[in-house]
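Visitor: Hi! Could you walk me through this one?
Guide: Happy to, let's have a look together.

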Amino acid sequence: MEYNLADLFESVVDAVPSDREALVYVDHPGSGAERRLTYAQLDAAANRIAHHLRDSGLKAGEHVGLHLYNGVEYLQTVLACLKARLVPVNVNYRYVEEELVYLYNDADLAALVFEGEFTARVAASLPRTPKLRHLIRVGEVPGGAPEPAVAPVAFADAEAAGSPARGFPPRSPDDLFIIYTGGTTGMPKGVMWRAEDLFFAGLFGGEPSGEPVKRPEELAERVAARGAGLTFFPAPPLMHGTSTLTSFIAFNYGQRVVIHRKYVPEEVLRTIEKEKVSSVSLVGDAMLRPLIDALKGPLKGTDLSSLFSVSSSGAIMSDSVRAEFLRLVPNVLLLNNFGSSESGSNGRAADDAGPERGFRLVVNDRTQVVDPVSHEPVPPGVPGRLAQRGRVPLGYYNDPVKTAATFFRKGDERWVLLGDMATVDDEGIVTVLGRGSQCINTGGEKVYPEEVEQALKAHPDVYDALVAGVPDAQWGSHVAAVVQLRAGAPEPTLDEIQSHCRTRLAGYKIPRQLVVAPAVQRSPSGKADYRWAKSVAAEADAAARRSVPPAG
């Protein structure tokens, strides 16, 4: 047996009781749109799709896109690909035709499993994606949608045609898993992971809170000894790596996964209560704040006594929002995890992380702050780039230039240079400054948006905020805050926002411009859309300049 994700999953299936639930899909509680699969049933369902893909002519190593909302079909297809030695590729369901054409071609998709709702977009993209030769469609087609030139197979028919038995050729720890990331600051990039590396770097070696396994067989041995009792609820879309990896962490632990089709805060709370959820994963304030609003309003009194932890990856839960949630649910552990598609897990927020001291991180022993040119560790207090060594991806698919700029070797080890700027102190605690690509240079000083956003979110009337740099004749760029206010809150003046921030930030970091927007735009998982924020701030700045009469 190898450290192969499909081999490991099958070993867990064989170790747990035949009636243990693996996956619960809930459209919303009480809707009747609910599916429950045991480990044995999920295994057989994945086998069926795997055999269908192989019987359709797909060969080991070819790429299969998943253009889907959350559902049983998503995780079933990921497992099917891994079983058949095909490479699963996540597709952002918000993409329009041009973006889909780019991703389908960049990823060299040979097959696509897609939601019926997206039929028109798939049909429009297909003439320009010549390698895409096999389609499987989930669910109903909207009326009037044109059919793709390649006739799709209904998912139910594909499932019925495939054998429920295993019977697959031997697999390898070198089998690939590709996670497409980006799109808010540039074109998406496919991060190539070896199965074995992803198991240890992204899935904690089968043990999120202890020692990783030392043999592949040990995973099933631990599962058999552990028993059931935990329920994991990845709330963001599975198309983002965090939720899919969270599901696999739960499977490797022999526990249950609950998923919703879409993120609806009230329904999330009802499901936590009904399914006795132990752990929820989400992305930052954009997903935590709506839960707080629901707990204060229509879902007040919801029984969350089963909930042990709420974790965030991809964006941090700010100090003020964490405190507000803990007042409502005092016995829950709130975890700001830190990682990326390129590194897996880097560490977690220190206990004293917050607006006053910054986002301080306790990193694992594979993470360092290095000089981006020499790749040598920086002295305490000197800004550098976060980097991770050891089990890191092979690079970006189809992009040797970005691969060479991001991945390197030092000695006998592979390294990845991450996009986050950071410093390290004498005790090894890392302070993350923010994405280098989003850094604002104002009057020669560097300002990282995340730090200013933390301060803004501590304002009692600010619901959400993004910060961007806007061109400025005097300063080069000035700091602009785009904020969404709480419902019913009075609109603050720029002076009021500046006074609030001065107690938390150095003077050069204070916003020079304030834009109040109806809503802050983020991805479905809650990640910041800085291109949008910069555009909104720049347009508001230009409009303000036009309204000023010329001197004299």
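Visitor: How much surface does the protein expose?
Guide: About 22,200 Å², with carbon and sulfur atoms supplying 52% of that. Accessible areas here follow the Shrake-Rupley method with a 1.4 Å probe, and for residues only the protein chains shown count as cover. Please keep in mind that this is a predicted model: local features need pLDDT of at least 70, side-chain atom pairs count only at pLDDT 80 or more, and totals for chains, interfaces and linings use all residues. Residues are numbered from 1 along each chain as its sequence is written, and side-chain values use heavy atoms, leaving out hydrogens and water.

Visitor: And what share of the residues is buried?
Guide: 57% of the 552 residues. Buried means under 20% relative accessible area, exposed over 50%, and partly exposed in between (1.4 Å probe, protein chains only).

Visitor: What about secondary structure: how many helices and strands?
Guide: There are 16 helices and 27 strands. These are DSSP runs numbered from the N terminus, with helices being H or I of at least four residues and strands E of at least two.

Visitor: Switching to salt bridges, how many does the structure hold?
Guide: It holds 44, each being a side-chain nitrogen of Lys or Arg within 4 Å of a carboxyl oxygen of Asp or Glu.

Visitor: Which residue does Glu73 meet in a salt bridge?
Guide: Arg35, at 3.9 Å from N to O. Glu73 lies in helix H3 (residues 72-83) and Arg35 in strand E2 (residues 34-38), so this pair ties together parts 38 residues apart in sequence. Arg35 is partly exposed, at 33% relative accessible area.

Visitor: What does Arg261 pair with?
Guide: Its partner is Glu115, at 3.2 Å from N to O. Arg261 sits in the loop between strand E11 (256-260) and helix H10 (265-275), and Glu115 in strand E5 (residues 109-115), so the pair ties together parts 146 residues apart in sequence. Arg261 is partly exposed at 24% relative accessibility, while Glu115 is buried at 8%.

Visitor: And Arg414, which residue is its salt-bridge partner?
Guide: Asp197, with the closest N and O atoms 2.8 Å apart. That pair links strand E21 (residues 413-424), which holds Arg414, with helix H7 (residues 195-201), which holds Asp197, 217 residues apart. Asp197 is buried at 3% relative accessibility, whereas Arg414 is partly exposed at 21%.

Visitor: Which residues are linked in a network of salt bridges?
Guide: Asp7, Glu10, Asp14, Asp43, Lys83, Arg166 and Arg171.
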